[in-house]
Amino acid sequence: MAISFQRIAALVIKELLALLKDKKSRVIIIVPPLLQLMVFGYAATYDLNRVAYAVLNEDRGIHGRALLARLDSSGTFHRVADLTGDSEIEPVINNKEVLAVVRLPSDFSRNLDRGLPADLQVNVDGRNSNSAMVLLGYFNTIVQSFNTQWIAEHGSRGPPARLVVRPWFNPNLMSRWFIIPGIVGLLVLVVTMLVTALSVAREREAGTFDQLLVTPLHPTEILMGKAIPAVLIGLVESAVIMLLIVFWFHVPFRGSVTALYIGMLLFLLSTIGIGLMISSLAVTQQQGLLGAFLFLVPAIVLSGFTTPIANMPVYLQHLTLINPLRYFLIIVRGTFLEGADVRMLWPQYWPMACIGLFCLAAAGILFRRRMH
Amino acid sequence: MAENRPRRVEKHASLMRLRGMLRKEMLQIFRDPSSIAIAFVLPLVLLFLFGYGVSLDAEHVPVALVVETPTAEAVSFAAAFDQSEYFSPVRFDAFPEAEQAMMQGDVDGIVWLRSNFGSALLSSGDAPVGVMINGVDANTARIVSGYTEGVWATWMAKRMEARGLSFEPPVRLQSRVWFNAELRSRNFLIPGLIAVIMTLIGALLTAMVVAREWERGTMEALLVTPVEVHEILLGKLLPYFMLGMGGLVLSVGMAIFLFDVPLRGSFAVLFGGSALFLLAALGMGLTISTVARNQFVAGQIAIIATFLPAFILSGFIFDIHSMPVAVQVLTHLIAARYYVAILQTVFLAGDIWPVVLSNAAVLVLFCLFFFNVARRRTSKRLD
């Protein structure tokens, strides 16, 4: 029996109506992704600002005050307490009142005036070791600029070699530029999984699946009728999200739109393939949901969305090769920030195409077997 | 005595009904082993994958070393990168080739020693070294930049020492990182992951169970029995609470023995806080399923409302204090936020009572709120 586009179109319209007419499922498809973009877009950053810190100034000299003024005027640090003794350091850090305590020993200004090295002691809360590391970097930068100025003003000898560090693609090192384009991949993945993974099981539980089976629809047509609405929803949602990223969050888009959309279509193909595969395996909605969850959670965590794949042990890095989100994240970040084009992204395209075709074929086979 | 009797009989009957409910739920759990799998297999697999997969410690970062003229100074500087465990250097003779490698993503940074590096170092004493870093992943870029400075500082100190000189900067930064001196990201990520995983399990265990009873119509059957609403809810809750605590013990064991995360607080505080959080998470699942009354919607709300917020808004990986105020306010609605604070403190810092008690108090409020809502929405009426 030949595949009829008319029948597929009818099924696509029916699926879209079923999804969009029910108020609850309409809300679930539209509202959370936009809400999540806004919330996560602002929340997901490794950069620190308004870091609460306390000062224990035993020095009271002029140079110590100058250095503290630099900290206070940097915009990153926010002094919340002035301590009077060593014994006060422990409680303010332990109770999370401050992230860092800066201590200027009593000989700080005296040593500087005598040309001896002066020590600035910094105690940092390491409960979040990444924040601690970022914070130490900030302290380092401020101390270095203080030193540079001191050397220039006092004519003392500077270091013989110096580093000139220049970050490419993201000159101010804003981690928001890294995370926000990734949210497109995250949200498209979640929405297409929600639309596809439960779709067959829901019809089966409602009994409408039997009705579909007695229609002249071919199994392939039913499968396409389930896949196409998900593609349409994914395309529309991602377009809205990406417009918001460029015009609301002001993340630059430097690459080729064609390259991005080839990636987007392949990504949709692969996630919908996985969703339909779960759907045709699941007998009940609970199983469908569990399957979607069991795929989504590792796919997000092991994609490079928040932590780099390069930091993983080698065998886990191999495991990420079957994760479509991994490839798509490289594509969105490449096209947004690095100005990537189709040629540069070819190594990301073909694995997604393979995953998509494999899963769709598997879904088709499982689907047909379930019908007989 | 006489007027006490009916109450005592009532109490006895209530216990009997509760026991009946518990028996029914237990049988259901054991007949459909999927909940046992959720409680025990899921934390095992997830913690194993994420414990190894989620790390912010960059090591063996590929960098391009461009040495234009191999003078003794340039060669010794480049060699300093070979000795660092943080870098895997790749050599290039000219800058354009290195640039090409960076564009293709083969290297994450370029260290560029121009042809005049050696002579400038000897003559003017001011030799610039160009360092270019791929800034797309800003966090890693910052870490790599810090490592580069470390390599540079060590090399300079050695060079000065060899010549009998010393260079001391006017102000030296002496830093001490508390609770995690070696800055191992796993030590704070694994306790946070336990919170994310327990959120998932708590919601997954209960979100579907009540919705399923409504859909199948067995809820009506339960409602016409003399079982009270709170007995139904308790009967649903207790078995899953026991399952969840089992999963938790497993997770804590893995954190301590497999991932070597130090536990500086006490087990009592750890499990007390965890029990509170698990109750809140199960309560949230119950509330979702009583409000939705439909597995499809309940499942979707559970996915949207649990995993991603617990992952991004709980302070597990992103610092809450750096978020805009509006988002910070929102994080107060995420139960995982309080649990993450308790876990990170108990594991790394110890039983710091002000932190533990204030967060535990909020978790109690969460439990009360969710059970109240779940109870009200499950009125013994049909509409």
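Me: Is N139(B) buried or exposed?

Reply: This is a predicted model, in which local features need pLDDT of at least 70, side-chain atom pairs count only at pLDDT 80 or more, and totals for chains, interfaces and linings use all residues. Residues are numbered from 1 along each chain as its sequence is written, while chains are lettered from A and ligands numbered from 1 in the order in which they are written. A residue is buried if 20 or more other C-beta atoms lie within 10 Å of its own, exposed if 12 or fewer, and partly exposed in between, with C-beta atoms placed from the backbone. N139(B) has 22 other C-beta atoms within 10 Å, so this residue is buried.

Me: Leaving aside its neighbours within four places in sequence, which residues is N139(B) in contact with?

Reply: Let's first place the residue: N139(B) sits in helix α6 of chain B. Helices (H or I, at least four residues) and strands (E, at least two) are DSSP runs, numbered from the N terminus. Contact means that the C-beta atoms of two residues, placed from the backbone, lie within 7 Å. Beyond its neighbours within four places in sequence, N139(B) is in contact with Y46(A), S175(A) and L56(B).

Me: How many Å apart in space are N139(B) and F167(B), C-alpha to C-alpha?

Reply: Along the sequence, these two residues are 28 residues apart. In space, C-alpha to C-alpha, N139(B) and F167(B) are separated by 30 Å.

Me: How many residues does the contact take from chain A?

Reply: Start with the other side: chain B gives 87 residues. The largest share of that side, 12 residues, comes from helix α6 (residues 138–162) of chain B. Counting Ala, Val, Leu, Ile, Met, Phe, Trp, Tyr, Cys and Pro as nonpolar, Asp, Glu, Lys and Arg as charged, and the others, Gly among them, as polar, the side of chain B that touches chain A divides into 53 nonpolar, 24 polar and 10 charged residues. From chain A, the number of residues is 89.

Me: In the open sheet that has the order β2(A)-β1(A)-β3(A)-β4(A)-β5(B), what is the pairing?

Reply: Two strands pair if DSSP finds at least two bridges between them. β2 (77–83) of chain A and β5 (171–178) of chain B stand at the edges with a single partner strand each, so one side of each has no neighbour in the sheet. Over the five strands, the pairing is mixed.

Me: In β5(B), which residue is the bridge partner of D119(A)?

Reply: Strand β4 (residues 118–125) of chain A pairs with β5(B) in the parallel sense, over eight bridges. One of the bridge pairs joins L120(A) to L173(B). For D119(A), the partner in β5(B) is R172(B).

Me: Which are the edge strands of the sheet that includes β5 of chain A?

Reply: This open sheet of five strands follows the order β5(A)-β4(B)-β3(B)-β1(B)-β2(B), with mixed pairing. Each edge strand pairs on one side only. The edges are β5 (161–168) of chain A and β2 (87–92) of chain B.

Me: In β2(B), which residue is the bridge partner of L65(B)?

Reply: Strand β1 (residues 61–67) of chain B and β2(B) run parallel and are joined by six bridges. The bridge partner of L65(B) in β2(B) is R91(B).

Me: At roughly how many degrees do the axes of α11 and α12 of chain A cross?

Reply: Axes are lines fitted to C-alpha atoms, for helices over the stretch in contact, and angles run from 0 to 180 degrees between N-to-C directions. The axes of α11 (residues 257–281) and α12 (residues 285–301) of chain A come within 9 Å, and the crossing angle is roughly 145 degrees.

Me: How many of the 17 residues of α12(A) are buried?

Reply: α12(A) reaches 24 Å from its first C-alpha to its last, close to the 24 Å expected at 1.5 Å a residue, where the expected span is 1.5 Å times one less than the number of residues. This helix is largely enclosed by the rest of the structure, because the number of its 17 residues that are buried is 13.

Me: Does L173(A) count as buried or exposed?

Reply: L173(A) lies in the loop between β5 and α7 (175–197) of chain A. Its phi is near 50 degrees, a positive value in a residue other than glycine. Most residues other than glycine have a negative phi. With 22 C-beta neighbours inside 10 Å, L173(A) counts as buried.

Me: Does H60(B) count as buried or exposed?

Reply: H60(B) is in the loop between α2 (34–53) and β1 of chain B, and its phi is also positive, near 50 degrees. With 12 C-beta neighbours inside 10 Å, H60(B) counts as exposed.
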